[in-house]
Amino acid sequence: MLSKPFSLALTAIAVVTIAPALYAQDIKHTVATQPWNTDSLGDHRVVLTVAGNAPVAKAHIEWRRRDNNPSAKRIIIEDATTKRRILNAAAANVSRESGDIFFEPVSGKGTYYVYYLPSKNEGRNNYPKGVYLKADTTASQLWLDKVKAGGAIAATVKEIQAVDTFNAFTPMEIIATAAETKKIAATNAGKAFVLFPEDRTMPIRMQHDLPYRWIKNNAGNTFSGTAKRGENYAWQIGVFALQDLQNVQVRFSDLKSNGGVIAAKDITCINTNGVTYDAKPFAKTVNVHQQDIQALWNVIAVAESAKPGIYTGKATVTANGQSTDINVRLTVQNEIAKDGGINEPWLQTRLPWLNSTLAQENTVVAPYTPLEVKDNVISLLGRKVEVNKDGLPKQIQTFFTPEMTAYADTATNLLYEGIHFHFVKASNGKDVKWTKSDMQFTKKEAGTVAWKAVNSTDSLQMDVDGSLEFDGFAKFTIKVTALEDIAFKDVTFHFAFMPAIANYMMGLGQKGGLRPEQVDWKWNVKEKNQDAVWIGDVNAGLYYQLYDEHYTRPLNTNFYLQKPLVEPASWSNGGKGGITVGIKGKSMLANNYTGPRAMKKGDVLYYNFSLLITPFHILNTDFQWSNRFYHKYNNLDTIAATGATVVNIHHATPINPWINYPFIEYKKMKAYIDEAHRKGLKVKIYNTVRELSNHAYELPALRSLEHEVYSPGKGGGYRWLQEHLDSDYIAAWFVPEIKDAAIINSGMNRWHNYYVEGMNWLTKNIGIDGIYLDDVAFDRVTMKRIKRVLTQDGHPGIIDLHSANQYNKSDGFNNSAILYLEHFPYLNRLWFGEYFDYENNGPDFFLTEVSGIPFGLMGEMLQNGGNPWRGMIYGMTNRLGWTDVNDPRPLWEVWKRFGIEGSQLIGYWSPNCPVKTNNSKVLATVYKNNGKLLIALASWAAEDTNVQLQIDWAKLGVAPATTKIIAPAIKGFQEGKTFDLGENIPVTKGKGWLLELTVPNLLKDKRIMK
């Protein structure tokens, strides 16, 4: 590009050329047959031809670009013959509409390329930052003088090329000129808006520019389309705002033909009406800024029984007191579309999925059991909740053995006293005394029990609405209304735990582990994703979360700071509130306080909270041993030979290339899964909703929903996003090898309905055996729904969750297990994860944050291949396929030889563990199978040490025996060795042993194995 002074000189040259209006070009847009280096030249070029020889050639290019500030971007001209950049080149009059290009045609007659969007990456590999190269000056002054002298020969614009179809600008991205746009406005003077009906194959992609296609075709009042019987037929209305529009609405008449009717109720607009992810119908207000374009996506549900023929009717758009009709003419063919045509998603046939209510009914999911109510006590799998008269829990009990492998007959009480509030008056420092109405049950179903209670005083009323679900999730809406002006010294909310079960803690800025003697925490939602805590033991615990009526799930996994928690006005009280945890009297008290506050008569505050009662179920140890994961796309015979039984297919693979959109290469995926099933393997796929690939067919339609599905943001990221989305998004994960660029989902929205339907389709039609979740951006409502569809008709429905450690600034210093605990009831395995330090954290951290055992789960390790010795204390190994470090196959062989399937796991945390060492820093977990023990030792000692086994023969139920301790040779884990009972066993720092011990007459403990 030229420097500014020379650009002005070229403007003078341009004045003597033919008037711009006579240059009107309909330039052909094509896809190149041969690729070029897009990382240095960009994805777009103009192809010029020169018919003669001259020192200067000139082209006027009406490129109609959608990018802003094109004059600031570099233009690179290349000789097609030599593939070399032409340095003697310059540009003038560069705008979004057109530009004049001057260059030296060094090869004379021939073809030349103009690359007009070259960029470079100034970001990270997976989080690129595409920066467009700035205009530069490379021409010699001698050549520039020739340009000034005039006499340039004409270079003809042949076409505008994209490197491939996906990068090409569609006809809906070729802009109208300012003059053309003004003409549309002038022609429609006095109108609030102009309508442009558009076909589903031409998704509206620009919000701030009219497409040139509409200029050529003119605004019309008729839409014509052709649909199959049974098809979800999508079409668009483009609304061009000639003034700021408020509350744009569209209504439909019946579509009628001779003898047939498509009722208006079967025609919907996804932009104005819908169903939330949790099954609540809603109407949406659509406002449009002046000069902007709003796409209205409409879907006609053509019944399979519809008679073939031509159906006509109207769509009426209203805004600002004006209305305009579109005549709709739909030809219905005789052919029937299967399942609404959803096998052709490029035709937008899956848009109705956005409003799906599939699997919303709260039916009980295995292994859970129906809720039972007796008096004020609700029983659920392994737990009981007693509800007090005030509507709050009076007692919570669990029924799990310390080993977590069986249900217990004896209850473990969690609470020292019932959960309760203290409203302390500022006037006298005394508690408000409540009059309690008897709690009343309002719902008694297998999946949900709900109740309500009203508590009152002269100055306050507290309405309590509570519910408990079959998995142990309880939700409480606490509405406090001031009946008169009142001031409080403090409002506190007390969880008084039994000290015996309050051994561990996780959350409120505390890494998982042994509970500190004292915790003092304050609200700080701008920086910290902290509003919940778990306190408990391995077989009895309670998670609680505090929020108000404005709660919205924040973004997570690198993006918390861009959409943090909403500070709860009740609990935080402008930063005065907080939580203290510590022993008080005979209880371990979690004191949730608000500090001083006042309420005026009529004021309402919501002190809402939710609970998760843990564990959710007993450990399924045999699932852990028999389902051995291979986390890599590979030849299936190769995988089967490893001993793995479950294949995890990540994204960026040939059968699942596009992140969180596994619907494009579905035929390849099905073929692979069918073959896997024939070989006795299961296949799970990567699919979540935190971000969505730019390859999603529905992307333009989803963008038309404003910020409902995609989060607002500054844009940027990979160049495709900038060139095709302009701005107002958050760039997410990028795969450089296949150039898959994703953008961040906004959180809880209708895309989750689509996600559930997508899982249903993948299960029924492709045969997936489950999913691999790479962090989660949805809540338990969606998790329950996908578990239901994944396990339908006997499908395995395996779900494993991976999380990178969320305890960092970008993630708001949260714990992965706290963040995702609401999902744990429906998971089969954990994989925690990147940045989890297995070397410098103690066993209490392993137990609470990594293993999953206190919640009824088991896991695997990831970071640096994990620590296999410490992992075996919890039944964990590294995951095969992801890394070559700490290959788990040698351990799998030991499992097989020992017969670990059917064995009883007795962890070091259980008082019933029959083996310990004489060093408290070297822990022992026992796997018992008939007459054999497999003993896992792992050291947290500060240095190498020697230990002796301490075997409690009485706990094994046999007399002391004389036997050898065998350490089998395990590649990469330990050398083979034999020890005598009582002999010192050397243990290397950070490592351990797997020891085999045969004990005569040792039988399974049938009670524990029940």
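Strand S49 and strand S51 (770-774) each supply at least two residues of the lining of the second largest pocket, and this pocket makes a convenient point of entry into what is a predicted model. The volume of the second largest pocket comes to about 750 Å³. Its lining is made up of 33 residues, and those that lie nearest the centre of the pocket are Asn126, Tyr127, Trp733, Asp774 and Glu834. Sorted by character, the lining of the second largest pocket holds 14 nonpolar residues, eleven polar ones and eight charged ones.

From S49 one can step back along the chain to the loop that precedes this strand. Asp726 is found in the loop between helix H11 (719-725) and strand S49 (731-735), and its phi is near 70°, a positive value in a residue that is not glycine. With a relative accessible area of 29%, Asp726 is partly exposed, because that value falls between the 20% under which a residue counts as buried and the 50% over which a residue counts as exposed.

On the other side of H11 is the loop that connects helix H10 (699-703) to H11, and Pro712 has its place there. Pro712, too, counts as partly exposed, at a relative accessibility of 44%. Leaving aside residues up to four places away in sequence, the contacts of Pro712 are with His707, Asp728, Tyr729 and Ile730. For a sense of distance across the model, Pro712 and Ser257 are separated by 455 residues in sequence and by 44 Å in space, taken from C-alpha to C-alpha.

A second residue with an unusual backbone setting is Asn573, which lies in the loop between helix H6 (569-572) and strand S40 (578-584). The phi of Asn573 is near 55°, again positive in a residue other than glycine. Asn573 has a relative accessible area of 10% and is therefore buried, the cut-off for that term being under 20%. A glycine with positive phi can be found just after helix H17, where Gly899 takes a value of about 85°. Helix H17 itself spans residues 889-898, and its buried residues are Pro890, Leu891, Trp892, Val894, Trp895 and Phe898.

Two cis peptide bonds also deserve a look. One runs from Ala366 to Pro367, with omega near 10°, and Pro367 sits in the loop between strand S22 (322-336) and strand S23 (372-374). Another joins Thr614 and Pro615, with an omega of about 0°; here Pro615 belongs to the loop between strand S44 (608-614) and helix H7 (621-626).

The path now turns to the strands, beginning with S34. Ten of the twelve residues of strand S34 (residues 486-497) are buried, so this strand is largely enclosed by the rest of the structure. Its pairing with other strands can be followed one partner at a time. Strand S28 (residues 420-425) pairs with S34 in the antiparallel sense over six bridges, and within this pairing Phe423 has Val491 of S34 as its bridge partner. Strand S41 (residues 587-593) is likewise antiparallel to S34, and six bridges hold the pairing, with Leu589 in S41 serving as the bridge partner of Ala496. Strand S42 (residues 597-599) also runs antiparallel to S34, to which three bridges join it; in S42, Arg597 is the bridge partner of Phe488.

A further set of strands forms an open sheet of four, in the order S11-S13-S20-S17, with antiparallel pairing. Strand S11 (193-198) and strand S17 (267-269) are the edge strands of this sheet, each pairing on one side only. From one strand to the next, the twist averages 25°. Within the sheet, strand S13 (residues 232-241) and strand S20 (residues 293-301) run antiparallel and are joined by nine bridges, and Phe240 stands opposite Ile293 in S20.

How values were computed:
Residues numbered from 1 in each chain as written. Predicted model: local features only at pLDDT ≥ 70, side-chain atom pairs only at ≥ 80, totals over all residues. Heavy atoms only, no water. Buried < 20%, exposed > 50% of the residue type's maximum accessible area, 1.4 Å probe, protein only. Pairing = 2+ DSSP bridges. Axes fitted to C-alpha atoms, helices over the stretch in contact; angles between N-to-C directions. 1 Å grid on protein atoms, 1.4 Å probe; cavity = no way out; pocket = protein on both sides within 12 Å on 5 of 7 lines; lining within 4 Å. Points joined across faces, edges and corners; volume = space filled by probe spheres on them. Nonpolar A, V, L, I, M, F, W, Y, C, P; charged D, E, K, R; others polar. Contact = heavy atoms within 4.5 Å.
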